[in-house]
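Welcome, and thanks for having your viewer ready. Let's take a walk from one selection to the next and see what each one shows.

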Amino acid sequence: MGIIAAYMVPHPPLIVPDIGRGSEERVRETINSYEAVAQEIASLAPETIIITSPHATMYRDYFHISPGVGAEGDFGEFRASKVTFDEVYDHELVNQITALAFEDDFPAGFEGERKKRLDHGTMVPLYFIRKYYSGGDIVRIGLSGLSLAEHYQLGIYIQKAVEALGRKAVFVASGDLSHKLQDDGPYGFAPEGPVYDQRIMNVAGRTAFGEMLDFDDSFCDRAAECGHRSFVIMAGALDGVAVEAKVYSHQDVTGVGYGICSFHPKGADETRHFLQQRLRKVEEEREQSDAYVQLARASMESYIRNKKKLRLKDIPEEIRSILPEEVFNRQAGAFVSIHKYGELRGCIGTIGPTTDCIAEEILSNAINASTRDPRFSPITEDELKWLEVNVDILGEPEDIDSKDELDVKRYGVIVTCGARRGLLLPDLEGVDDVDTQIAIALRKGGIDPADDYQLQRFEVIRHR
């Protein structure tokens, strides 16, 4: 049958009476909403309950799907060991999801389980569901450090697997909202906290799932949310489907946001293939990119596809004909930055010229950024269609006496202490003030803020 309903729910152990011991009354509205959702799930009588949890096994570059015939768990770590669970896994659906991912070389599977017992991000939703419904096997899936788009893609595989097996399934996306909503909350306050909660509840209420992909990582980190990636997998599992939403409640009385929503499919809708839309946008931007970027991309693609380094004589005529003469007769430092799904995938450059001309600088740094950035694995051929490339041509650095002479939008910064040096480009997302800019440059250079260091600034011409 497919996914017949999906739910966005929180997982505070507090709301289990054996744990809250009366304090759960502070979030009675959330509890009442949970009860309503659980009763609705019981009325649907699903064969499988798919749960994504931030507290299941998690890897930086891999999605773990719990293997085996089932798992047990209890709330012992919250002093409520008498509340127990003994769940059976839908191993056939697990195998189907894994097989689809394997066919596309997508990083998801059941290898590397670190903790077999159920986690509280899974058990809190099950606590309410099992009060009203004892049927249905479960599938438990962890999140990852991969991009939001890849979380969405995992949801698409889940959708395909459910439909291939004809399962009648519900999807439960477990995750709290911001943990930084109040000064007296357990994690303190950050201005991004209430902004995140308001924004995600608005997106959920409008079923604007494509907008879930637009939440910046640094913004989510500052908001200290834990459920966003869970919600994005859910969105992918409803890809290409018209959805009716119901917002049950949102509370922030504990300093942590708890939001509960339901989503009911209403038939196919070709306008809701949000990942495909993003790919088309990348393709359109690539077609509109300037000659500097086309040169960098040609170098990167030649090396990744054919292990061939482009030389000046190898530059395709359609690119050479639109390059200005300065790239062949002037020297300068250049940075090549590569993004995938809006997130950095590689960035390497040179502060000053190391080759005979700008064109050679770009050719070399495009290869280095795509295959030799130590922070990332080398880019593969399958990724090329998703990549956005920028080229920054650096001006001459100039010495400055004070940070007051910096402007994060206009100037990049170089910090130098002896042989150590760190650089940060200007106008970067998430770098909104000079102190942050300098701090990052110091970290990159391995320089202690207490050291005696010198500042330089430089301008760039950015090509997109």
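A yardstick for the start: the expected span of a helix is 1.5 Å times one less than its number of residues. Keep in mind along the way that this is a predicted model.

**Stop 1: helix α2**

Select residues 28-44, which form helix α2. Its 17 residues reach 25 Å from the first C-alpha to the last, close to the 24 Å expected at 1.5 Å a residue. Now colour its buried positions: T30, I31, S33, Y34, E35, V37, A38, E40 and I41. Which elements cover them? Among them are β1, α4 (120-132), β8, β9 and β10. Before leaving, look just after the helix, where A45 takes a positive phi of about 50°.

**Stop 2: the whole chain**

Zoom out. The protein chain has 14 helices and 18 strands. Its C-alpha atoms fill a box of roughly 75 × 50 × 35 Å, taken along the principal axes. A compact globule of 464 residues would have a radius of gyration near 23 Å, and the 25 Å of this chain agrees with that. Buried residues make up 56% of the 464 residues. If you draw a contact map, count the contacts with a separation of 6 or more: 78% of them are between residues 24 or more positions apart.

**Stop 3: the sheet of six strands**

Show the strands in the order β7-β2-β8-β1-β10-β9; these 6 form an open sheet with mixed pairing. At the edges are β7 (137-142) and β9 (241-251), each of which pairs on one side only. Neighbouring strands here are turned by 20° against each other on average, direction ignored.

Next, select β1 (residues 2-9) and β8 (residues 168-174), which run parallel and are joined by 7 bridges. For two landmarks, A5 has V170 as its bridge partner in β8, while V9 has S174. Then bring in β10: β1 pairs with β10 in the antiparallel sense over 3 bridges, and A6 stands opposite F263. Is β1 enclosed or open? With 8 of its 8 residues buried, β1 is largely enclosed by the rest of the structure.

**Stop 4: the helices on this sheet**

Go back to α2 with the sheet displayed. This helix packs on the sheet, touching β1, β8, β9 and β10 (258-268), and its direction makes about 145° with that of β9. Now add helix α8 (residues 228-237), which also packs on the sheet; α8 touches β1, β2 (48-53), β8 and β10, and its direction makes about 155° with that of β8. How many residues of α8 are buried? The count is 10 of 10, so α8 is mostly covered. The buried set in α8 includes H228, F231, I233 and M234.

**Stop 5: the nonpolar cores**

Nonpolar side chains in soluble globular proteins tend to be buried together. Select I50, L154, I158, F171, Y196, F209 and F263: these have the most contacts inside the largest nonpolar core, which has 59 residues. Helix α5 (residues 148-165) gives the most to this core, with 9 residues. A second, separate core has 36 residues, including I4, A5, I49 and F75.

Now centre the view on F263. Leaving out residues up to four places away in sequence, F263 touches A5, A6, Y7, M8, A204, T207, F209, M234, L238, V243, E244 and A245. One of these, A6, is the residue that stands opposite F263, and another, M234, is among the buried residues of α8.

**Stop 6: the sheet of four strands**

For the last stop, display β14-β17-β15-β16, an open sheet of 4 strands with antiparallel pairing. Its edge strands are β14 (398-400) and β16 (420-424), and each pairs on one side only. The twist averages 30° from one strand to the next.

Pick out β15 (residues 412-417) and β16, which pair in the antiparallel sense over 5 bridges. Where is the bridge partner of V415 in β16? Click on G422. Finally, show helix α14 (residues 434-445): α14 lies across β15, β16 and β17 (454-458), running at about 135° to β16.

Technical notes
Residues are numbered from 1 along each chain as its sequence is written. This is a predicted model: local features need pLDDT of at least 70, side-chain atom pairs count only at pLDDT 80 or more; totals for chains, interfaces and linings use all residues. Side-chain values use heavy atoms; hydrogens and water are left out. A nonpolar core is a set of buried Ala, Val, Leu, Ile, Met, Phe, Trp, Tyr and Cys residues joined through side-chain atoms within 4.5 Å. Buried means under 20% relative accessible area, exposed over 50%, partly exposed in between (1.4 Å probe, protein chains only). Contact means heavy atoms within 4.5 Å. Two strands pair if DSSP finds at least two bridges between them. Axes are lines fitted to C-alpha atoms, for helices over the stretch in contact, and angles run from 0 to 180 degrees between N-to-C directions. The radius of gyration is taken over C-alpha atoms; the globule rule is 2.2 Å times the number of residues to the power 0.38.
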